[in-house]
Amino acid sequence: MDYLPTLRRCHKGAIVLDNGAAAREQIHSLADLYRQDPEGVGDLLIQIADLKDLVDCERHLGGLGYAKPVRDEIVGELLGDIGGAEIHLDHRDNHRALMQARELTNQAQDIAEVAGRRVGELEALTARARQERRRTAPRLVFVTRLW
């Protein structure tokens, strides 16, 4: 089953895009694959890690190394083996995914509205703070003595 990311509120009203459901499902699939072929999957994961180190070393070559495309291909094949990373939104196949996409759209619009209101509040607070600083700034007074 495909899982779309969900929006949730975090501490102090922060919004988080949570893709944990899909990640958990893929880890479960990877564990099943490992149970079937522990040596093969273990070797593949070690090869991916070794290639990551090589990619880091080749970074100074400006993309001329071979490790990154090889690593990406291996990771792509492994992702395919554990269910892939694509989320198909065909309503005939997955009505729930379509409903989640619609809900994400509504939540994104709500976030945009709240953010817009917050920008207005911050602008007003900033303007007020500037006015207060101008009022409370010490004024220089020149006194001349006449004798």
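Helices here are DSSP runs of at least four residues in state H or I, strands are runs of at least two in state E, and both are numbered from the N terminus. I needed that first, to know what a loop between two helices refers to. Also for the notebook: this is a predicted model.

**Entry 1: the overall layout**

I started with the whole protein chain, which has four helices and two strands. Reading along the sequence, I get β-β-α-α-α-α, with the two strands ahead of the helices. I then looked up burial: of the 147 residues in the protein chain, 13% are buried. For contacts with a separation of 6 or more, I noted that 48% join residues 24 or more positions apart.

**Entry 2: H1 against H2**

How do two packed helices get described? By the angle between their axes and the distance between those axes. So I looked up both for H1, residues 20-36, and H2: the axes come within 5 Å and cross at roughly 125°. That angle makes H1 oblique to H2. On the H1 side I wrote down Leu30, Leu33, Tyr34, Arg35 and Gln36, which meet Pro38, Val41 and Gly42 of H2. Sorted by class, this contact of H1 with H2 has five nonpolar residues, two polar and one charged.

**Entry 3: H2 against H3**

Next pair along. H2 covers residues 38-58 and H3 covers residues 67-81; their axes come within 8 Å, crossing at roughly 150°. Angles over 145 degrees count as roughly antiparallel, so H2 is roughly antiparallel to H3. I also checked the handedness, and H2 passes H3 in a left-handed crossing.

Then the residue list. H2 brings Leu44, Leu45, Gln47, Ile48, Leu51, Lys52, Leu54, Val55 and Glu58, and these meet Ala67, Lys68, Val70, Arg71, Ile74, Val75 and Leu78 of H3. The classes in this contact of H2 with H3 come to 11 nonpolar, one polar and four charged residues.

**Entry 4: the largest nonpolar core**

Which residues make up the largest nonpolar core? I found six: Ile48, Leu51, Val55, Ala67, Ile74 and Leu78. H2 and H3 are the elements that give two or more residues to this core.

I zoomed in on isoleucine 48, one of the six. Leaving out residues up to four places away in sequence, isoleucine 48 touches Arg71, Ile74, Val75 and Leu78.

**Entry 5: arginine 71**

Arginine 71 came up among those partners, and I found it in helix H3. Is arginine 71 buried or exposed? The relative accessible area is 18%, so arginine 71 is buried, since the cut-off for buried is under 20%. Skipping its neighbours within four places in sequence, I listed its contacts as Ile48, Leu51, Lys52 and Val55.

**Entry 6: the loop between H3 and H4**

My last stop was the loop between H3 and helix H4 (95-136), where isoleucine 82 lies. At 12% relative accessibility, isoleucine 82 counts as buried. What does isoleucine 82 contact, apart from neighbours within four places in sequence? I noted Gln26, Ser29, Leu30 and Leu33. I also looked up a C-alpha pair: isoleucine 82 and glutamate 25 are 57 residues apart along the chain, with 8.8 Å separating their C-alpha atoms.

Glycine 83 lies in the loop between H3 and H4 too. Its relative accessible area is 60%, so glycine 83 is exposed, as exposed means over 50%. Glycine 83 and serine 29 are 54 residues apart in sequence, yet I read 7.4 Å for their C-alpha to C-alpha distance. Serine 29 had already turned up in my list for isoleucine 82.

Definitions and conventions. Residues numbered from 1 in each chain as written. Predicted model: local features only at pLDDT ≥ 70, side-chain atom pairs only at ≥ 80, totals over all residues. Heavy atoms only, no water. Axes fitted to C-alpha atoms, helices over the stretch in contact; angles between N-to-C directions. Parallel < 35°, antiparallel > 145°, perpendicular 65-115°, else oblique. Left-handed = near helix turned anticlockwise from the far one by under 90°. Contact = heavy atoms within 4.5 Å. Nonpolar A, V, L, I, M, F, W, Y, C, P; charged D, E, K, R; others polar. Core = buried A, V, L, I, M, F, W, Y, C linked by side-chain atoms within 4.5 Å. Buried < 20%, exposed > 50% of the residue type's maximum accessible area, 1.4 Å probe, protein only.
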